[in-house]
Amino acid sequence: MKKRVLVSIAAVAASVLVLSGCAPSGGGGSEKTLNLLMVQSPSTTRLKTLVPEFTKETGIKVNVDLVPQAGMQAKYNVSLGSGAGQYDVVEAVSTNLSQLTASKWIKPLNSYLDDKSQTPSSYTSGFKGGVLDSLAIDGKTYTIPFEVGADMLYYNKDMFTAAGLDPDNPPTTLTEVLSAAKKLNKPEIGQAGFLARGTRQGNENSFSWIMMWLLNGGRWEDAKGKPKYDVLDEEAARKTTDQYATLMTKYAPSGVGNYGFVEDQAAMQQGKAAMWLDGATLGPSLEDKSASKIAGHVGYAALKGEGGNYIAGAVSGLSVVDTTKNDKEAWQLVQYLTSKKVGIDQALAGVGGTPGRTDVLTDPGVQKLYDPAYLAALSESIKHVNPEYSPVIPQGTEIRGAISVALSKILSGQASNEAAMNEANQEILKILKK
Amino acid sequence: MRRSLRAVRIALTYVIVLGSLLPLLWLLTTSLKTARDAFSMPPALFFLPTFENYLAVLNQSDFLAAYVNSIIVVIATVLFSLVFGISAGYTIARHNGRATRAMGLWIILVRMAPAMGFALPIYLMFKVLGLLDTYPALVLVYMTLTLPFVTWIMAGYFRSIPIELEEAARVDGCTRVTALFRVVVPASWPGIATAAIFAFIMAWNEFFYPLVLSGRNTQTAPLAIQGFISDSGTNWGGLSAASILIILPVLVFTIFTQKGLVRGLTAGSIK
C-alpha cells in the first residue's frame, strides 16, 4: 500500500517535471537582464519592438511583459506589492502614479536626472511646458513620460460649413462650444451637435466632466494649494455640471448615457456628430480612411481655460522599480525608451501621436505625416497639460466613481444637477473618512 | 386550435434560439466587415465579406503564440483534471468514511474562495520555485479551478452507477483499479464528457490567473484578446475575428466530446 502511495507521488512529481521541461525558458547567462512591465497598447507594442535596438547598443538584455489594461491593477498589486523583485522598470500612468509612489514601489529619478554623466541636458530639454515638473510628487520625479494624452476638440468641418459656422475659426472656450453645439445639433437628419463620454462604466463620464472642470478653473486643491477633494459644491463644479448636462442632454445623440470613448469615436467616424471633446490619442483614427467616413474633413482645436494647467493629460511614463538591483541599467532603458529618437519613431509609426516630448513634434518627418492643424492643437494642449487631473490619492478611483454615479443620474433624469452633485460630494466626504 | 398553439410554440422556440444566437451572429458578421462597415447606421446587412481581419490577426505572432499557449495549457489541464478527478471522485463515491466526506468538502471549499485570495501566495510560491511564466504554473493553478469541479461531477456520477456492476467484475477476476477503468469508466462517458467540456471551457476562458502568473512566454488567448482594446480605441474587426478563432477550439472540443455523451448511453456495461 505504502509503495503504491509512493509510486503515485512520484508519478505526479514526474509529470510536473516533464511539463517544466516543456516550458519555455526565461534565459540566463552572465549578461545583465532587465524585466520591463507595461500596459498593452499600440504605443507600448511598438516600444517592445524597439527594445532589441537598445540591447544592441548597450548589451543589456530586456524581457518585456505587456499586460492588458483591464488587468493592470491586479498585475501591479501582486507583482510589485509582493516585493518579489520580478520587474526592474514599469509603466506608470496618471491613475496609478499616486499608488506606486505612496506604496514606495517606484523610486525617485532625481539623482539620475541631475547627474550630467548619466543624463545629457539634451535629453531633459525635450520635455517642454513643465511636463516633468507637473509629474513631480513632493518635488521628486518618479516617472518619465513617453505619451501624454492631452485632450482637444475634434470637429467635422463639413457640418460647420453647413451650419453657417467658419471651420477655420472653431470654438476655443466651453461657452463657444455650447453655442456652436446648439447650431450644429440637427436630430432630424441624425446629426448630434456634441459628443463626450456618458457611460459610468470605468468611470468614463467623470473623465469628460473633469476635462471641462479643469477648463473652468477646477483643481483638486483649495485656495491655499492644499489638497481638497470635496469640491463638487464649488462654483467651478456647478458651472461644469450645468454645461455637461446641457451639452449631453440637449445636443448629444439619444442614449449618450451609454457612450464611452469607443462609441463616441465610432459616431464621429460615421459622421453622426459634429464635435467631440476627448483625448488626443483618439484623433488620428478619425483620419483613417479605412475606418472613418469623415477622413480629410476633420478639424482640431485646443480649448482654452482658466489657470495654466487646464488640459487633462493622461500621462504614460516609465519608472524604475524600488527593489531593482540594476538601477543604472534600468535608468538607461528608461532614457532610451523616452528619447527623442524613439519618440519620433513612435510618431512616424502612428502609435505615439501624443508624445511626452514636445521636441518630437518639431521633427520634419513627423510634421509631414500629421495634419498641421492636429499638431498645432496638440502642441498647444501639451503646454497646458495637468497630469494630476484625477485625485492622486489611493481613494482617487472611488472619488471618480462618486462623480460618475452623479453624472449618470443627471443624464438619465433621476436627479437634478445640484441634488446629484451634492449627494456625490457627501459620498466623497465619506470616502475620505474611511 | 391545438395545431395553432403548437405553431406558436415552435415559432416562440425559434425566436428564443435565434435571439440567443444573435450576439454570435453579430460577432461573426463584424469579423467579416471592414472597420468602416462595422458600425455603420443603419447596420449593413448586405456587405462584401472580407477576411482582412482574420489575416491581420493570424499575422500577429503574439496572438498566435498566445493561442498555442492556451491550447497546450488547457489540454494539459483537462487531462490531468480528468485523471485525478476520476480517481478522487470514485474514492469519494465509494468510501463513506468521515475522512472521505471531509476530504470531499475540503475539495469544494477550495473552489469557493475568490481567486484574488490565492493569487499572492501562489505567486510567491511559484516565484521561489522558478515556475512563474511557465506552463506547469498555469496547469497547476487552472487545476485549482477545474479539479474540484471534475471530482464532484464524477463523484455524483459514480454514485448513480450500481455497485453490483463492479462486484460482478471483481468476481470475474478484476482488481478494484481494473474494475474502475474497464467497467465503471466506460459506463460513465456522459459524466466524463460533461466534466471535460466544462473543465475545458473554464480553463479556456480563465483571465485572472494567467494575468498574474504568465508573462511573455506563456500569455494565453483571453489575455491577448484584451490587446485589441486600448486607450486609442477598440479594433472591433480584429477583436471579433480573434473571438471567433477563440470560440473555435471550444466548439470543436464540445462537438468531439459530445459523442461521448451519446456513446455512454449505449456502450459499457449498461445495455
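Start by colouring the two domains of chain A, whose C-alpha centres lie 27 Å apart. An automatic or database domain assignment sets the bounds: domain 1 of chain A is 33-149 + 313-386, and domain 2 of chain A is 151-312 + 395-433. This is a predicted model, where local features need pLDDT of at least 70, side-chain atom pairs count only at pLDDT 80 or more, and totals for chains, interfaces and linings use all residues. Residues are numbered from 1 along each chain as its sequence is written, chains are lettered from A and ligands numbered from 1 in the order in which they are written, and side-chain values use heavy atoms, leaving out hydrogens and water.

Now zoom in on where the domains meet. About 1,400 Å² is buried between domain 1 of chain A and domain 2 of chain A (accessible area, 1.4 Å probe, that two parts lose on being put together, summed over both). Select Tyr374(A), His384(A) and Asn386(A): in domain 1 of chain A they lose the most area to domain 2 of chain A, together 37% of what that side buries.

Next stop: aromatic rings. The whole structure has 23 aromatic pairs over all chains (Phe, Tyr or Trp rings, using the six-membered ring of Trp, with centres within 6.5 Å; planes under 30 degrees apart are stacked, over 60 edge-to-face, the rest tilted). Pick Tyr123(A) and Phe127(A): their ring centres are 5.6 Å apart and their planes at 75°, so this pair is edge-to-face.

Keep Phe127(A) selected and add Arg357(A), whose charged end sits over the Phe127(A) ring, 4.7 Å from its centre (CZ of Arg or NZ of Lys within 6 Å of the ring centre and within 35 degrees of the ring normal).

Finally, hop to chain B and select Phe63(B), Tyr67(B), Phe200(B), Trp204(B), Phe228(B) and Phe253(B), which form one aromatic cluster.
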